Amino acid sequence: MTVPPSSALSIDRSPASRHAPVEYVLTLDCPEAPGIVHAVSRFLVGHGCDITDNQQFGDRRAGHFFMRVRFASTGDESTGDESTAEALRQDFATVASPFAMQWRLDRADTRRRVLIMVSRDGHCLNDLLFRARSGDLPVDVVAVVSNHRNHEALTGWHGIPFFHIPVTAATRQSAEERLLEIVDACNAELVVLARYMQILSDDLCARLAGRAINIHHSFLPSFKGAKPYHQAYEHGVKAVGATAHYVTAELDEGPIIAQEVTGVNHTHTPEDLVAIGRDMESAALVKAVRWHCEGRVIVHGRRTVVLH
C-alpha cells in the first residue's frame, strides 16, 4: 500500500472550507414603498450573504411593509462573532434610513435572556423551564420572580435564581421597583408573565413596552373574576382557549401574538375545563415566546404581524 505524501493529507483550505456559514436574522418594517426588497437583497449580495429563508407582507390597507430575512454570511471577512454582526448593522443603517425602517439584525442562534414571573399556578412556568433546559426554546431563563414561594424548589432544581417579592396594595410600588432592579441586574431582554396574577401599574407597563408577554384564558371578557372555567361550565361553553399578548396598560388587551382553542362539550366537568385550559395556556404562551425570540413578531399599532 502506497502512503500518500504528507501534503496530500493537509486540510482543504479552499474558501468553502475555511469556516461554516454563520446565519443571521434581519427583521424590519417601514412604510410601503417601491424598491424595499431590491435594496435589502442588493445589500445582502454585496456583503457575500445568501438568503436561506424569507417572509414578507405588504399591508395595503395600512400602507406598511413587513419583512424577515434569514441569511448566511459566507464572505471571507465573516468571523461569526459580534464584530461581524455589528459591521453588518452599521452598513445596513444606510440602507434602512431612506425607507424609515424600524429594524433589527442578530445572529440566528442568539438565545434571549428571559425573566419569568409566576404566582401559584405553575403549568406555564414548568413548560417554559423544561423547554429552555432541553434546548427547545432559544432562551436562557435568567430569573424567576414570584409573589409566592410555591415554585421556589422547582426553580432551584433548574439552577435558576428565584426572587420572592410579596405584593400588597401598600407595597405595590416598591415591589415593582424591586422587579425592575432584577430585570436590569439580570440584563433580561424579555419578561414573561406565566400566570402572574397581579395587575401591573401603567408606569411598569410603559417601562416594559414591547418586551413583556402575558397569557390569559380566552373567555375574557365574558367570564372575569374568580373561577372563570366554572363560570364557563355553567354557561355551557363549546370551546376553551387562551391568548398570549404583549403587556399594555389596557388589562389583557395588548397586541395579540398567539392563540390556542379546542372544542369541548357537555360531558366535560369544570375540572376538565380547567385542565384543558392549562394545556391551551401553555401552548399559546410557548408559541408567543418562541416567535418573539426568533424575531418573527412585529408590533404595528394594536396589532402584530407574525412572519412564519
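**Cavities, a pocket and a domain interface**

Colleague: How do the residues of the lining of the second largest cavity divide into nonpolar, polar and charged?

Modeller: Nonpolar means Ala, Val, Leu, Ile, Met, Phe, Trp, Tyr, Cys and Pro; charged means Asp, Glu, Lys and Arg; the others, Gly among them, are polar. This is a predicted model, where local features need pLDDT of at least 70, side-chain atom pairs need 80 or more, and totals for chains, interfaces and linings use all residues. Residues are numbered from 1 along each chain as its sequence is written, and side-chain values use heavy atoms, without hydrogens and water. The lining divides into eight nonpolar, no polar and no charged.

Colleague: Which elements give two or more residues to the lining of the second largest cavity?

Modeller: A cavity is a set of points on a 1 Å grid over the protein atoms alone where a 1.4 Å probe fits but cannot get out, and lining residues have an atom within 4 Å of a point. Val114, Ile116, Val139 and Val141 are among the lining residues. Elements are DSSP runs numbered from the N terminus: helices (H or I, at least four residues) and strands (E, at least two). The elements are strand S5 (112-118) and strand S6 (139-146).

Colleague: Which helix gives the largest share of the lining of the largest cavity?

Modeller: About 80 Å³ of space lies in the largest cavity, a volume being the space filled by probe spheres set on grid points joined across faces, edges and corners. Its lining has 13 residues, with Met117, Val167, Ala175, Glu176 and Tyr196 closest to the centre. Four lining residues come from one element, helix H5 (residues 172-185).

Colleague: Which domains each give at least three residues to the lining of the second largest pocket?

Modeller: A pocket is an open set of points with protein on both sides within 12 Å along at least five of seven lines. The second largest pocket has a volume of about 690 Å³ and is lined by 29 residues. Domain bounds come from an automatic or database assignment. The two are domain 1 (23-107) and domain 2 (112-306).

Colleague: How much area do domain 1 and domain 2 bury between them?

Modeller: Buried area is the accessible area (1.4 Å probe) that two parts lose on being put together, summed over both. Thr27, Phe66 and Arg68 supply 49% of the area that domain 1 buries against domain 2. Carbon and sulfur atoms carry 52% of the total, which is about 840 Å².

Colleague: How many salt bridges are counted between domain 1 and domain 2?

Modeller: A salt bridge puts a side-chain nitrogen of Lys or Arg within 4 Å of a carboxyl oxygen of Asp or Glu. Between domain 1 and domain 2 the count is three.
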